[in-house]
Amino acid sequence: MAKHLALHVGHGKTGSSYLQAWLAGNAERLAAGGIIYPLEAPSGQRERQAQLGLFSMGNGFVLQELEKAADPVEALAELAQMVPEGGSLLFSDERLMKRLVGRLGAFAEQTAAAGFAQLAILLFVRDPLDQARSLYLEMVKAHGYGGSLNDWLEINNLHEHVLAFLQEQAALAACGPIPCRLTAANYSRCSRDLLPVLRHWLPLPLASATWPLPPRQRVNRSLSARELALMRMLNRQLGARGGGIGRALVRLRPRAGTAQPEATPAALAAFSERLGQPVAAINQLLPAEAQLLPPSHAR
């Protein structure tokens, strides 16, 4: 039986932290079923945040360290020895989509050389306006952004990375060194069913539905309206140094509501026009149930 390399590649603001908290908390149960979710890199760096139900970028740091090794194929093959026949080596990191753009084919070649028979990819997408609003709140909360939602809609370009990644994956699936299977789901329509999507993709037994949930049900809360106003003001003074304050706010007030920032009609129209062609191209590469709602059709 063959071994698979499984990648959950994000993208941002699609519940990745919640899924990673669940994976980290159930790593031993996953291993018992043949799915290895490594929590420690060769250097000794360990994933601890997700096990506590706190914000995390997942275990992609392990894969990144392997890729920087003197011989990446040998390093990946060594980790593959932990995987039983018929099992999977699993990495989850919402930054993987961007990191793999432009080199997905080369990565697939390394994967095949390391002894894996298939590359399985899970990608959560999100309707453009829905995603842009959520990412805007994240940028204000943790990255020092002080602009308005109007300003953010002018520069948000994640759709470009999604399109490039999907185009590379489609080419790889058609003619690659190993089968490259893509599973895509739209967070805007399955935000309450993320774990079922993950369990079906891996796949996991029905009994996994009873495995423990993360200690916190809101692992990476967005800012409330009052927090948003405060952080924009601080960010204009502090820049990126204000990120720690935003993270602290959401940890101290885990049950606070989420801001619903609104853009002007002119900004929304410009955003819709700019994304019209890329969204149409993305939808040609997604299954019907995962296709994006164009901004012009958003409520």
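This passage goes through the pockets and cavities, two helix packings and a few backbone features of a predicted model.

Start with the open space. The largest pocket comes out at a volume of about 1,400 Å³. Its lining runs to 46 residues, and those that lie nearest its centre are Lys13, Gly15, Arg126, Ser134 and Tyr187. Helices H1, H5 (96-100), H7, H10 (187-190) and H11 each give two or more residues to this lining. H7 takes the largest share, with 8 residues. Sorted by class, the pocket lining is made up of 16 nonpolar, 18 polar and 12 charged residues.

Lys13, one of the residues nearest the centre of the pocket, also has a backbone worth a look. Its phi is near 60 degrees, a positive value in a residue other than glycine. As a rule, most residues other than glycine have a negative phi, and most peptide bonds are trans. Lys13 sits in the loop between S1 and H1. That loop, between strand S1 (4-8) and helix H1 (16-25), is also the place of His11, and His11 is joined to Gly10 by a cis peptide bond with omega at about 10 degrees. Another cis bond links Leu202 and Pro203, this one with omega at about -15 degrees. Pro203 belongs to the loop between helix H11 (194-201) and H12.

Next come the enclosed spaces. Rolling a probe the size of a water molecule over the atoms shows where empty space is left. In this model there are 3 cavities of 30 Å³ or more. The largest of them has a volume of about 100 Å³. His11 turns up again here, as part of a lining that also takes in Val125, Arg126, Pro128, Gln131, Asn156, Leu158, His159, Val162, Leu275, Ile282 and Leu292. Arg126 thus appears in the lining of this cavity and among the residues nearest the centre of the largest pocket. At least two residues of the cavity lining come from each of helix H7 (128-142), helix H9 (158-174) and helix H14 (265-283). H9 gives the most, with 3 residues. The class count for this cavity is 7 nonpolar, 4 polar and 1 charged.

The second largest cavity has a volume of about 50 Å³. Leu63, Leu66, Glu67, Pro72, Leu76, Phe107 and Gln110 line it. Here the helices that each supply at least two lining residues are H3 (60-67), H4 (72-80) and H6 (104-113). The largest share, 3 residues, belongs to H3. By class, this lining splits into 5 nonpolar, 1 polar and 1 charged.

H7 has come up with both the largest pocket and the largest cavity, and its packing against two other helices can be described as well. Two packed helices are described by the angle between their axes and the distance between the axes. For H7 and H14, the axes come within 11 Å and cross at roughly 120 degrees. The pair is therefore oblique, and the crossing is right-handed. On the H7 side the contact involves Pro128, Leu129 and Ala132, which meet Leu268, Phe271, Leu275 and Val279 of H14. By class this contact has 7 nonpolar residues, no polar and no charged ones. Pro128 and Leu275, one from each side of the contact, are also found in the lining of the largest cavity.

H7 also packs with helix H12 (residues 225-238), where the axes come within 8 Å and cross at roughly 55 degrees. H7 and H12 are therefore oblique to each other too, but this crossing is left-handed. H7 brings Tyr136, Leu137, Val140 and Lys141 to the contact, and H12 brings Leu228, Met231, Arg232 and Asn235. The residues of this contact divide into 5 nonpolar, 1 polar and 2 charged.

How values were computed
Residues numbered from 1 in each chain as written. Predicted model: local features only at pLDDT ≥ 70, side-chain atom pairs only at ≥ 80, totals over all residues. Heavy atoms only, no water. 1 Å grid on protein atoms, 1.4 Å probe; cavity = no way out; pocket = protein on both sides within 12 Å on 5 of 7 lines; lining within 4 Å. Points joined across faces, edges and corners; volume = space filled by probe spheres on them. Helix = DSSP H or I, 4+ residues; strand = E, 2+ residues; numbered from the N terminus. Nonpolar A, V, L, I, M, F, W, Y, C, P; charged D, E, K, R; others polar. Axes fitted to C-alpha atoms, helices over the stretch in contact; angles between N-to-C directions. Parallel < 35°, antiparallel > 145°, perpendicular 65-115°, else oblique. Left-handed = near helix turned anticlockwise from the far one by under 90°. Contact = heavy atoms within 4.5 Å.
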